[in-house]
Amino acid sequence: MGIISFATTAALVVALAGPAVPAAAQAPHILAIGPESRRLLAAGIEHSPSLRQLVATIEASDLTVYIVTSPEPGRWRGYTRLVSATGQPRSVMITLSQALAPEERTAILGHELQHVSEIAAAPDVTDQPAMRALFARIGRSSTTDNYETRAAQDVERRVRQELRIH
Ligand SMILES: [Zn+2]
């Protein structure tokens, strides 16, 4: 099927007191599906300036972003894929592993939102070949159709640090 994903595999756990869940964030381009995804997005917007900045960037773009969580087993943490067909308005889906601690999921959400902002900044990415070309240019590939960027790793680290403050 040629789905391009950005899997992240390092296992890190951050122990935090759970922050209260704020009111639903206003982010019409970012649609968190289900209560856990909504909680993650709201907590990230409230506690992480880096994640908040990414949300603002994405809100100013043409992209629609869906966020879901998945119980699929394995060493994966999260991935982002293009879900729109050629010629349709661009949309992407972020899938986050339910196996992660909630605070760690927020850091991975930041990581994946960075990938979304990379797609947002490349308006020519309207199909999977173009997406593959973008990430071959700005990232590096570990396995077939599995790319990583330094910027996403940096955002993940920053979000983790910002959450630790609380
Ligand atoms: Zn990544």
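Student: How many C-beta neighbours does Ser37 have inside 10 Å, and does it count as buried or exposed?

Tutor: This is a predicted model, so we work from computed positions. Ser37 has its place in helix H1. A residue is buried if 20 or more other C-beta atoms lie within 10 Å of its own. The count for Ser37 inside 10 Å is 21, so Ser37 is buried.

Student: Which residues does Ser37 touch, not counting residues up to four places away in sequence?

Tutor: Start with the helix. H1 covers residues 35-47 and packs on the sheet, touching S1 and strand S2 (64-70). The contacts of Ser37, sequence neighbours left aside, are Ala32, Ile67, Val68 and Thr69.

Student: What is the order of the strands in the open sheet?

Tutor: The sheet has four strands, with mixed pairing. Strand S1 (30-32) and strand S3 (78-82) are the edge strands, each pairing on one side only. That puts S2 and S4 between them in the order S1-S2-S4-S3.

Student: Which strands pair in the antiparallel sense?

Tutor: Take the pairs in turn. S1 and S2 run parallel, joined by three bridges. S2 and S4 are also parallel, over seven bridges. The antiparallel pair, with five bridges, is S3 and S4.

Student: In S4, which residue is the bridge partner of Val68?

Tutor: Val68 lies on the uncovered face of S2, with Thr64, Tyr66 and Ser70. On the S3 side of S4, Tyr79 stands opposite Thr95. The partner of Val68 in S4 is Thr95.

Student: Which residues make up the covered face of S2?

Tutor: In a regular strand the side chains alternate between the two faces of the sheet. S2 has an uncovered face of Thr64, Tyr66, Val68 and Ser70. One residue of the other face, Val65, has Ile30 opposite. The covered face is Val65, Ile67 and Thr69.

Student: What angle does the direction of H3 make with that of S4?

Tutor: Helix H3 takes in residues 102-120. Helix H3 packs on the sheet, touching S2, S3 and S4. Its direction makes with that of S4 an angle of about 160°.

Student: Are H1 and H3 roughly parallel or roughly perpendicular to each other?

Tutor: Two packed helices are described by the angle between their axes and the distance between the axes. The axes of H1 and H3 come within 9 Å and cross at roughly 80°. Angles of 65 to 115 degrees count as roughly perpendicular. H1 and H3 are therefore roughly perpendicular.

Student: How do the residues of the contact of H1 with H3 divide into nonpolar, polar and charged?

Tutor: From H1 come Leu40, Leu41, Ala43 and Gly44. They meet Arg105, Thr106, Leu109 and Gly110 in H3. Gly counts as polar here. The division is four nonpolar, three polar and one charged.

Student: How far apart are the end C-alpha atoms of H3?

Tutor: H3 has 19 residues. At 1.5 Å a residue, they should span 27 Å. The model agrees with this, because the end C-alpha atoms are separated by 26 Å.

Student: How many of the 19 residues of H3 are buried?

Tutor: H3 is largely enclosed by the rest of the structure. The edge strand S3 is also largely enclosed, because four of its five residues are buried. For H3, the buried residues number 18 of the 19.

Student: What separates the C-alpha atoms of Val159 and Pro49?

Tutor: Val159 is found in helix H5 (residues 150-165). Val159 is buried, because 28 other C-beta atoms lie within 10 Å. Its contacts beyond four places in sequence include Ser48, Ser50 and Leu51. Pro49 is 110 residues away along the chain, yet the C-alpha separation is 7.9 Å.

Student: Of the contacts in the chain with a separation of 6 or more, what share comes from residues 24 or more positions apart?

Tutor: The chain has five helices and six strands. Ser37 and Thr106 show such a sequence gap: they are 69 residues apart along the chain, with C-alpha atoms separated by 9.4 Å. Across the chain, the share is 74%.

How values were computed:
Residues numbered from 1 in each chain as written. Predicted model: local features only at pLDDT ≥ 70, side-chain atom pairs only at ≥ 80, totals over all residues. Pairing = 2+ DSSP bridges. Helix = DSSP H or I, 4+ residues; strand = E, 2+ residues; numbered from the N terminus. Contact = placed C-beta atoms within 7 Å. Axes fitted to C-alpha atoms, helices over the stretch in contact; angles between N-to-C directions. Parallel < 35°, antiparallel > 145°, perpendicular 65-115°, else oblique. Buried ≥ 20, exposed ≤ 12 C-beta atoms within 10 Å, placed from the backbone. Expected span 1.5 Å × (residues − 1).
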